[in-house]
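Welcome! Here are some short exercises to help you find your way around a new structure. Take a look at it first, then work through the steps.

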Amino acid sequence: MKPAGPAKPAKPAKTAKPAASAKAATSAKPAAAATAKPESRLAMIRRARRINRELAEVYPYAHPELDFRNPFELLVATVLSAQTTDLRVNQTTPALFAAYPTPEDMAAAAPEELEELIRPTGFFRAKAKSLLGLSKALRDDFGGEVPGRIEDLVKLPGVGRKTANVVLGNAFGVPGITVDTHFGRLVRRFKWTEQVDPEKVEAEICGIFPKSEWTMLSHRVVFHGRRICHARRPACGACPIAPLCPAYGEGETDPEKAKKLLKYEKGGQPGQRLSPPPDYPGLPAAPLGARTEP
């Protein structure tokens, strides 16, 4: 029997690499973007849900950025928000609702007077026609009340699925995905979908997240699109979810330069609401004519 040889020295244990954190510094390109291996649907869903959790921590105060006190005001404000900013709508609606506080009042409005009140929001003739039509429908078909079903809302003049989901989610507590330009742009950047048609985007995103998350997910994604992940120049270097984003690097990656691109409360500027919720950390917007918009 051969004598046992000298024992081999043990290999040093490998040092574990630190896990990528969505709150870590974002100067390095995320691993998700560096690998050539296609992402499985399961991996995409896990990444998408993690992004949602991270956005919930970044924007715990996310909310609808239209001022409203009841379902009718939210419905009208959402119709007016087409092709303009929520800020401009919020600066316009105080006088509008003072003149026409109910569907019955608005249904009886003189078209030219209604047009003049909503002129700052743009496309005021078409919008006035929609407001008169939906107000008359609410008066005649729904007893002056905004219906709480999407099947009824989308039958109103000027009301599509986006507007209906805004009203249902924020005035009635019925979960829904709101696909506006910000939401559609970001979910494609996140590689959650490749769809462009809003209804197809809505259907695909609904399949990724539990129903209970739909309304708040919409707010968080829109908040992120308006504050950090801008259309033309995303502030990638200041983005807290950069390690999870396959589009990292499309915008400014230098942290100091990226900070200068932040908007609204993230950039120390007023938000879009004249009457924001109590937990909003930013400044309220000024009334129409009180300041020059940035």
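**Exercise 1.** Place Ser81 in the chain, and decide whether Ser81 is buried or exposed.

Step 1: Ser81 sits in the loop that links α3 (71–80) to α4; helices here are DSSP runs of H or I, at least four residues, numbered from the N terminus. This is a predicted model, where local features need pLDDT of at least 70, side-chain atom pairs count only at pLDDT 80 or more, and totals for chains, interfaces and linings use all residues. Residues are numbered from 1 along each chain as its sequence is written, and side-chain values use heavy atoms, leaving out hydrogens and water.

Step 2: The relative accessible area of Ser81 is 11%, so Ser81 is buried (under 20%; exposed is over 50%, partly exposed in between, with a 1.4 Å probe and protein chains only).

Step 3: Beyond neighbours within four places in sequence, Ser81 contacts Leu66, Asp86, Val89 and Lys162 (heavy atoms within 4.5 Å).

**Exercise 2.** Work out how the axes of α4 and α6 cross.

Step 1: The axes of α4 (residues 86–99) and α6 (residues 111–118) come within 9 Å and cross at roughly 155 degrees. Axes are lines fitted to C-alpha atoms, for helices over the stretch in contact, with angles from 0 to 180 degrees between N-to-C directions.

Step 2: The two helices α4 and α6 are therefore roughly antiparallel (over 145 degrees; under 35 is roughly parallel, 65 to 115 roughly perpendicular, the rest oblique).

Step 3: Thr92, Ala95, Leu96 and Ala99 of α4 meet Leu114, Leu117 and Ile118 of α6.
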